[in-house]
Every structure is written in structure tokens, then in C-alpha cells.
Amino acid sequence: MHIMANRLDLGFQRYQDEYESKLLEVLRSGWYVLGKEVTAFEEEFADYLGVKHCVGLASGLDALWIAFRILGIGAGDEVIVQANTYIASVMGITINGAVPVFAEPDICFNLDVEHLEEKITSRTKAILAVHLYGQASNMEPIMKIAKKYHLKVVEDCAQSHGAVFSNRKTGTFGDIGCFSFYPSKNLGAFGDGGAIVTNNDTIAEDVRIFRNYGSEKKYFNRVVGANSRLDEIQAAFLRVKLKHLEELQEERKTICEKYLREIHNDRIILPQTLAGASHVWHQFVILCKERQKLIAYLNSKQIETAIHYPIPPHMSEAYQYLGIQKGSLPVTEMYAERVLSIPVYNGMKEEEQDYVIACLNLFS
Ligand SMILES: *Cc1c(COP(=O)(O)O)cnc(C)c1O
């Protein structure tokens with residue numbers, strides 16, 4: 001049995017007829033940018049999350065940097081972010097000239113709230129909470145600390161569509177929630193896409209103008225903006241997928257709960273979920289001290305895996321200018337050496353899951 005780390009073709013095949021007829025509908029409509037599909041998706045996704053506004057953008061990275069731009073966070077300002085995130089979270093900060101201040105993650109791979117306050121200085125303007133791997137961050141203490149120090153909160157929900165903390169969906173706690181619809185995300189399109197969500201009318205209006213060259217009305221440009229519009233065809237696909245999202249999430253949950261019940265191996269640490277938080281299982285991430293050996297063993301069994309992420313942002317070449325030494329974020333660096341994502345995808349057969357479990361249980 002050959003098992004790939006991820007498969008997107010099966011997700012397409014399941015609703016193939018709906019995707020194909022939607023595609024033709026948009027192609028035949030004669031309207032391809034900022035039309036009725038984008039507007040309808042924005043309304044449906046905002047309703048789904050329980051938030052007032054959603055503004056579709058071209059990518060998750062655009063959502064992040066535009067969020068900080070609109071909040072007025074730039075040169076000289078500091079933003080606290082967890083150090084084990086995907087590098088795009090950090091780029092969202094640095095594109096604006098702001099400085100990322102890296103905080104360590106907890107045992108659930110999200111911001112460790114115990115050590116969050118230590119990172120606050122007179123220059124701190126915001127906290128970027130990343131709901132990593134699909135699990136909601138510990139939002140209650142994060143919001144409390146933000147309020148105490150008058151900080152903005154931006155949520156990176158690129159991996160957490162639909163995840164909840166205390167019955168409230170991620171993206172609805174902070175000033176702005178940022179989403180990606182990159183194809184491999186739980187709510188993924190068939191190309192790039194992103195969105196900002198907010199309960200704040202002014203922020204929503206500012207983002208709406210910013211994404212379209214800063215133009216309020218055709219040829220009247222209020223600010224120097226960007227071209228970052230969610231594509232009409234991608235919005236149409238996302239509307240189809242959103243209708244089925246509950247079912248898709250349930251399937252991922254069933255697979256991951258089976259992994260949690262049936263994987264037993266002293267050499268492997270299974271993922272933990274925080275009380276009060278839900279997990280939508282964008283990734284099922286295990287920890288293994290002998291990761292290289294485990295990867296080679298699984299490869300010999302034709303099971304592919306992935307590492308999210310092998311090089312933490314502070315150690316990547318792009319961020320050497322920050323001058324952060326190796327060893328300064330020990331938990332993050334330990335995770336980078338030990339994390340391994342095992343296959344989870346919609347359409348994964350039960351015998352494939354059983355095979356992955358059996359192989360992991362025999363690793364020695
Ligand atoms: C995917 C991802 C992004 C970037 O989204 P794009 O749509 O690929 O630009 C940002 N943050 C996190 C945590 C991600 O997983």
C-alpha cells in the first residue's frame with residue numbers, strides 16, 4: 001500500500017459535478033473579478049464564523065500583511081508571535097517594517113500564555129495568535145493580556161477554519177482574523193485565496209478599499225492600496241466547499257480520533273488538545289526523538305510524511321538580519337527537530353488508516 005502525505009484529488013472528485021457546473025456558470029457569466037460569487041461567499045463565510053464582515057483577498061499572506069497595515073502597525077512597532085509558526089505569519093509582520101518578537105509554544109504547539117507577558121515592551125503593539133495545525137489557541141488569557149496592555153490581536157486562522165475556543169470560532173476573538181484558502185487548507189480553493197474577517201465596520205471598509213488599489217469609487221483613490229482580490233472562480237468553488245465543510249471536518253476528526261485511540265508506541269508522542277479548545281486537524285502532528293529513523297522506516301513501508309516546519313522562522317536565511325541566535329528558543333527548536341505530520345486527508349480509506357497505525361505501532 002502506498003500512502004501519500006496528502007491527497008487533494010479525492011476532495012475534488014467527491015463533489016466533482018458541483019464544482020464543474022459552478023465553473024461553467026462563472027465562465028459563462030462574463031464577470032470574473034469582484035462579482036456576485038465573491039459577495040455571496042463573503043456573506044456565507046461571515047455567517048458560518050459568526051462574525052460581521054468578511055473581505056475576500058488574494059492569499060493568506062495578503063490577509064496578514066494587510067491586517068497589520070490597516071491597524072497602523074509598522075516601522076519600530078513590535079508584534080509578538082509564536083516562534084514555531086509557518087514563516088508567512090512572520091512575513092505579514094515584517095512586510096510592514098514591524099519587528100516580530102518570538103514567543104515559545106506550549107505543549108499544544110500554540111502560544112504559551114504563561115510566558116507571553118514577559119515578551120511585552122513599550123514598543124509592543126499587537127499579538128499574532130496562530131491556531132497552528134488546526135487547534136484553537138488559548139484565547140481567553142490572550143485576550144485578557146491584550147486588554148491589560150492595550151494591544152491589538154490578530155489571529156492567523158490559515159489552518160483553523162471552524163475551530164472553536166469556548167464555543168466561539170477562531171478569527172472572531174481579535175481585531176482581525178486572517179484566513180488562507182490555499183488548496184491544502186481545510187477550506188481550500190483550487191488556487192490561491194484568502195480573507196480578512198472582523199466585527200469592526202471601519203476595518204472592514206478600509207480592507208475593502210485597500211484590496212482594490214485603495215479605490216473607494218472607480219478612479220477615486222483614497223490610499224495607496226494593493227491588488228489583492230479573491231478571484232470570482234475561487235469564490236464560487238469555496239461556496240461549494242463551504243456547504244460541505246462540516247462533513248469534511250467530521251471525516252478528518254474521525255480519522256484523527258482513531259489515530260489517538262489506536263497508535264501506541266513509547267517512541268511517539270501523540271498530539272494534545274487544550275481543554276475548551278477544538279481541533280479541526282489540519283495536520284496530525286506527532287513528536288519523535290528519532291524522527292529521521294522514523295521517516296526512513298515509514299518510507300520503507302511506502303508511507304509519506306511531512307514536517308511542519310523543519311526550520312523555524314528565526315533560523316531561516318530570510319530572518320538572519322534579526323540577529324536571533326540558535327538556542328534562544330529551545331522549545332521551538334526542539335519541536336523543529338521532532339515534529340512529524342502523518343497522513344490525514346479527506347477520502348483516506350479505513351484500510352489505509354489501519355496500515356499507518358499498524359506500521360507506527362511496529363516502529364522500534
Ligand atoms: C498557509 C499559511 C499562511 C499563508 O497562506 P497563503 O494563502 O499560502 O498565503 C499563513 N499562515 C499559516 C499558519 C499558514 O498555514
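Tutor: Let's begin with a term: a polar contact is a pair of N or O atoms within 3.5 Å; within protein, one must be able to donate a hydrogen and the other to accept it, and residues adjacent in sequence count only if both atoms are side-chain atoms. The model is predicted, with local features needing pLDDT of at least 70 and side-chain atom pairs pLDDT 80 or more, while totals for chains, interfaces and linings use all residues. Residues are numbered from 1 along each chain as its sequence is written, and side-chain values use heavy atoms, leaving out hydrogens and water.

Student: How many residues surround the ligand?
Tutor: A residue is counted here if one of its heavy atoms lies within 4 Å of the ligand. G60, D156, Q159, S180 and K185 are the closest. The number of residues around the ligand is 14.

Student: How far is an oxygen atom of the ligand from an N or O atom in the side chain of S180?
Tutor: Other polar contacts help to set the scene: a ligand oxygen lies 2.8 Å from a polar backbone atom of G60, and one lies 2.8 Å from a side-chain N or O atom of Q159. For the side chain of S180, the distance is 2.6 Å.

Student: What percentage of the ligand's exposed area does the protein bury?
Tutor: Accessible areas come from the Shrake-Rupley method with a 1.4 Å probe. Taken alone, the ligand exposes 380 Å². Of that area, the protein buries 91%.

Student: Which helix supplies the largest share of the shell around the ligand?
Tutor: Helices here are DSSP runs (H or I, at least four residues), and strands are runs of E with at least two, numbered from the N terminus. Both α4 (60–70) and α5 (87–94) supply at least two residues of the shell. The largest share is three residues, and they come from α4.

Student: Why is α4 largely enclosed by the rest of the structure?
Tutor: Buried means under 20% relative accessible area, exposed over 50%, and partly exposed in between (1.4 Å probe, protein chains only). The buried residues of α4 include G60, W65 and F68. The helix is largely enclosed because, of its eleven residues, the number buried is nine.

Student: Which residue caps the N-terminal end of α4?
Tutor: Look in the loop between β1 (53–57) and α4, where S59 is found. S59 counts as buried because its relative accessible area is 16%. A side-chain oxygen of this residue lies 3.4 Å from the backbone nitrogen of L61, so to speak of the cap is to name S59.

Student: Is G323 buried or partly exposed?
Tutor: G323 has its place in the loop between α10 (291–300) and α11 (330–338). Because its relative accessibility is 47%, G323 counts as partly exposed.
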